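Work through the following exercises with the coordinates open. Each task is followed by a solution in steps.

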Amino acid sequence: MSKSVLKFVLPLIVLLAGAGATAALISSRQAPAPEVRPALGPLVETTIAQPTDLTVSVDSQGEVGAAVRVEVLAEVSGRVIQVHPRLVAGGRIPAGATLARIDPRDYQLAVESARAAIASAETRLEQERAEAAAALNEWRQVNGDTPAPTLLIREPQIRQIQAEKAAAEAQLARAELDLERTQISVPFDAIVLSESVDRGQFLNVGRVVASLYGTNAVEIRVPLDDAELRWFDLPSAQSKPSVTVSADFAGSRNTWPGVLDRLEGQVDPQTRLVHVIARVADPFAQEPPLLPGTFVDVSIDGRALEGVFQLPRFALRTGGVVWVVDDGALRFRDVEVLRTDRSSVFISSGLEVGEHVVISSLDGVTDGMTVRIDSRGEEP
């Protein structure tokens, strides 16, 4: 055989031999035995049911308002000669401080005039009484014990002068009151909302000088569903439930203690809600202060509950059931819900101590399906 023929035949023989060997190996291979894997079920997060004693908290929101807000009016007319340096928007005015002073000279003159009228009436009264005594003495010398005529002993004149004196005394009281009213003030610590007076300005009676609110307390009108009233004691003269007012203000979360002061006298005809009034005393006693107009969260301390199961609100499923894990199977459990709030559900019966309650979300859930517990997320 020539070298050129061998050059093509030998590779062909090698390829055919390799193909035959591969076919022999494939035909002699045995299929592996099938492996049966158990159905493990989805992984669920649970919490352990434990009864506890706790105090109910009734939560709502509202806007802070001033407990006392007034418009200060001028009660006498005149020119303003003095204004308090803090009578500006935001200024704090102590109780009894003079906000503005009206020129008192006309009213001082009225006081002096009334005093002079009283003195004149008293002098005339003394004269009339002296003349009456002399006339009565002369009458008795002539007529003995016979009653003297009233005109003779000047009784009408004396009553007239007594009436004039009483009128002068009333005029003096009015003049002194007007003089006192030339100094405009408020009887409580206050903050100025607005002012409309300045030195040299002439004020008429009834003119608004300033609008202020008291700093001793603020109030929050809190709307509630009437069903929430069962969870706390209504305020009375003897007892007022505690409240906690909180808000994000001045770059941080702040809280202020207060009390539930009263229940409004009617149901809101539009919303059908009832309103309670929370009161915070000394809102400027801490930093930052609780200012009127602030929107706040209000938490009312309610009644004590004993032996209830507190779970995350999303643990309660549609139809008033919860899911529990019993020996690797998910079970539907009917429970009696005592109360729900924003974050929690309170269950009075239907659960056993130590049961695993599912708090994760699942799709296509059936009663009895196999599940696995994720112990990392389990909480007592």
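Two strands count as paired if DSSP finds at least two bridges between them. The model is predicted.

**Exercise 1. Give the strand order of the sheet that contains strand 7 and strand 9, and explain what is special about its edges.**

Step 1. Apply the pairing criterion: 4 strands form an open sheet, and their order is 7-6-4-9. The pairing in this sheet is antiparallel.

Step 2. Look at the ends of the order. Strand 7 and strand 9 (202-203) each have a single partner strand, so one side of each has no neighbour in the sheet.

Step 3. Check one pair. Strand 4 (residues 78-83) runs antiparallel to strand 9, with 2 bridges between them. Within this pair, Arg-79 lies opposite Phe-202 of strand 9.

**Exercise 2. Find the edge strands of the open sheet with the order 3-10-8-5.**

Step 1. Establish the sheet: it is open, has 4 strands and is paired in the antiparallel sense.

Step 2. Identify the strands that pair on one side only. These are strand 3 (69-73) and strand 5 (92-93).

Step 3. Follow strand 3 to its partner. Strand 3 and strand 10 (residues 208-214) are antiparallel and joined by 5 bridges. One of the residues to inspect is Val-72, whose bridge partner in strand 10 is Ala-210.

**Exercise 3. Describe the largest pocket by volume, lining and residue class.**

Step 1. Volume: the largest pocket holds about 170 Å³ of space.

Step 2. Lining: the residues are Val-72, Leu-73, Glu-75, Leu-177, Glu-180, Arg-181, Gln-183, Ile-184 and Ser-185. Strand 3, helix 3 (155-181) and strand 7 (183-185) are the elements that each contribute two or more of them.

Step 3. Class: 4 lining residues are nonpolar, 2 are polar and 3 are charged.

Step 4. Connect this with the sheets. Val-72 lines the pocket and is also the residue bridged to Ala-210. Strand 7, which contributes to the lining, is an edge strand of the sheet in Exercise 1.

**Exercise 4. Decide whether strand 11 is mostly covered or mostly open, and list pairings that it makes.**

Step 1. Take under 20% relative accessible area as the cut-off for buried. By this cut-off, 6 of the 8 residues in strand 11 (residues 217-224) are buried, and the strand is mostly covered.

Step 2. Count bridges. Strand 11 pairs with strand 2 (residues 51-66) over 3 bridges, in the antiparallel sense. With strand 14 (residues 274-281), strand 11 shares 8 bridges, again antiparallel.

Step 3. Trace one residue. Val-218 is the bridge partner of Ala-66 and stands opposite Val-280 in strand 14.

**Exercise 5. Which residues does Arg-230 contact beyond its neighbours within four places in sequence?**

Step 1. Locate Arg-230: it sits in the loop between strand 11 and strand 12 (242-249).

Step 2. Leave out neighbours within four places in sequence; the contacts are then Arg-303 and Leu-338.

Step 3. Compare sequence and space for Arg-303. It is 73 residues from Arg-230 along the chain, with 8.8 Å between the two C-alpha atoms.

**Exercise 6. Summarise the whole protein chain.**

Step 1. Secondary structure: there are 3 helices and 21 strands.

Step 2. Burial: 34% of the 380 residues are buried.

Step 3. Contacts: among those between residues at least 6 apart in sequence, 76% link residues at least 24 apart.

Step 4. Surface: the accessible area is about 23,000 Å², and carbon and sulfur atoms account for 51% of it.

Terms used: Residues are numbered from 1 along each chain as its sequence is written. This is a predicted model: local features need pLDDT of at least 70, side-chain atom pairs count only at pLDDT 80 or more; totals for chains, interfaces and linings use all residues. Side-chain values use heavy atoms; hydrogens and water are left out. Buried means under 20% relative accessible area, exposed over 50%, partly exposed in between (1.4 Å probe, protein chains only). Contact means heavy atoms within 4.5 Å. Accessible areas come from the Shrake-Rupley method with a 1.4 Å probe; for residues, only the protein chains shown count as cover. On a 1 Å grid over the protein atoms alone, a cavity is a set of points where a 1.4 Å probe fits but cannot get out, and a pocket is an open set with protein on both sides within 12 Å along at least five of seven lines; lining residues have an atom within 4 Å of a point. Grid points are joined across faces, edges and corners, and a volume is the space filled by probe spheres set on the points. Ala, Val, Leu, Ile, Met, Phe, Trp, Tyr, Cys and Pro count as nonpolar, Asp, Glu, Lys and Arg as charged, and the others, Gly among them, as polar.
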